[in-house]
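Trainee: I would like a close look at a single part of this model. Please take me through one sheet and what surrounds it.

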Amino acid sequence: MELTPDMKTMEEKIKKILKTFHMITSATGGAPEYRIQSAEETLQVSYPADYRRFLELYGSIGFGAFEVYGILQQNPEAVPNGLWATMQLRARNNLPDQYIVIGADGFGGYLCLDTDQLTAEGNAAVIIVDLYASADEDIVVEKLADTFWEYLFEQMKTEVTYYLYEQKKRTQE
């Protein structure tokens, strides 16, 4: 996949944050192409370009209190396995097929990529889905970002701010 200049810039910013704040970072390791293709076949959807790149580089990550589901080296039936989470929510809660689960918001909502909302570069919007909404309510609660990289970068900035605040507070005690 050819990276657009915007994707390359965002990818470099994210790499820099992960390297600088390695003490609050955990990554499962990049997913090989065959595992990415297998997951796409299972979900019957193509991963958006920026999320696919994330999977290639990191697999899944935890950054502070923030977690992004992805593809793991092994396939445990638990998060942060995004394939498993997506399949579970499709089977149990009728998650529409266009959504790929990338996390949880901690309040009962799920963070998803909406493959029906692609940019010209093939990136998907990040949304919050409420699968417990009543029948007359839209399950999409909120659009968080136009692309996965935007969403990831903003969440990482929030975690860095919190980490630095906590560090400062500890040194003042």
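In β5, which residue is the bridge partner of V101?

Mentor: The model is predicted, so read everything here as computed from that prediction. The bridge partner of V101 is C112, in β5. A second pair can be named: A104 has Y110 of β5 as its bridge partner. Both pairs belong to one ladder. Strands β4 (residues 99-104) and β5 (residues 110-118) run antiparallel, with 5 bridges between β4 and β5.

Now the turn. β4 and β5 make a hairpin, and 5 residues lie between the two strands. One of the turn residues is G106, with a positive phi of about 85 degrees.

Step out to the whole sheet. Its 4 strands follow the order β4-β5-β6-β7. The sheet is open, and the pairing is antiparallel. β4 stands at one edge and β7 (140-145) is the other edge strand. Each has a single partner strand, so one side of each lacks a neighbour in the sheet. On average, neighbouring strands are turned by 35 degrees against each other, direction ignored.

Is β4 enclosed or open to the outside, then? Of its 6 residues, 5 are buried, so the rest of the structure largely encloses β4. Being an edge strand does not rule that out: the edge concerns neighbours in the sheet, while burial counts the rest of the structure.

A helix belongs in this picture. Helix α4 (residues 82-93) packs on the sheet and touches β4 and β5. The direction of α4 makes about 110 degrees with that of β4.

Set the other sheet beside this one. That open sheet has 3 strands in the order β1-β2-β3, with antiparallel pairing. Its edge strands are β1 (25-27) and β3 (66-68), and each pairs on one side only. Twist from one strand to the next averages 10 degrees there. Strand β2 (residues 61-63) is joined to β1 by 3 bridges, and these two strands are antiparallel. S26 has G62 of β2 as its bridge partner. Helix α5 (residues 148-172) packs on this sheet, touching β2 and β3. The direction of α5 makes about 155 degrees with that of β3.

Last, a helix pair. Helix α2 (residues 33-43) and helix α3 (residues 49-58) have axes that come within 10 Å and cross at roughly 135 degrees. The two helices are therefore oblique to each other. Their crossing is right-handed. α2 contributes E33, I36, Q37 and E40 to the contact, and α3 contributes R52, L55 and E56. By class, that contact has 2 nonpolar, 1 polar and 4 charged residues.

Notes
Residues numbered from 1 in each chain as written. Predicted model: local features only at pLDDT ≥ 70, side-chain atom pairs only at ≥ 80, totals over all residues. Heavy atoms only, no water. Axes fitted to C-alpha atoms, helices over the stretch in contact; angles between N-to-C directions. Parallel < 35°, antiparallel > 145°, perpendicular 65-115°, else oblique. Left-handed = near helix turned anticlockwise from the far one by under 90°. Contact = heavy atoms within 4.5 Å. Nonpolar A, V, L, I, M, F, W, Y, C, P; charged D, E, K, R; others polar. Pairing = 2+ DSSP bridges. Buried < 20%, exposed > 50% of the residue type's maximum accessible area, 1.4 Å probe, protein only.
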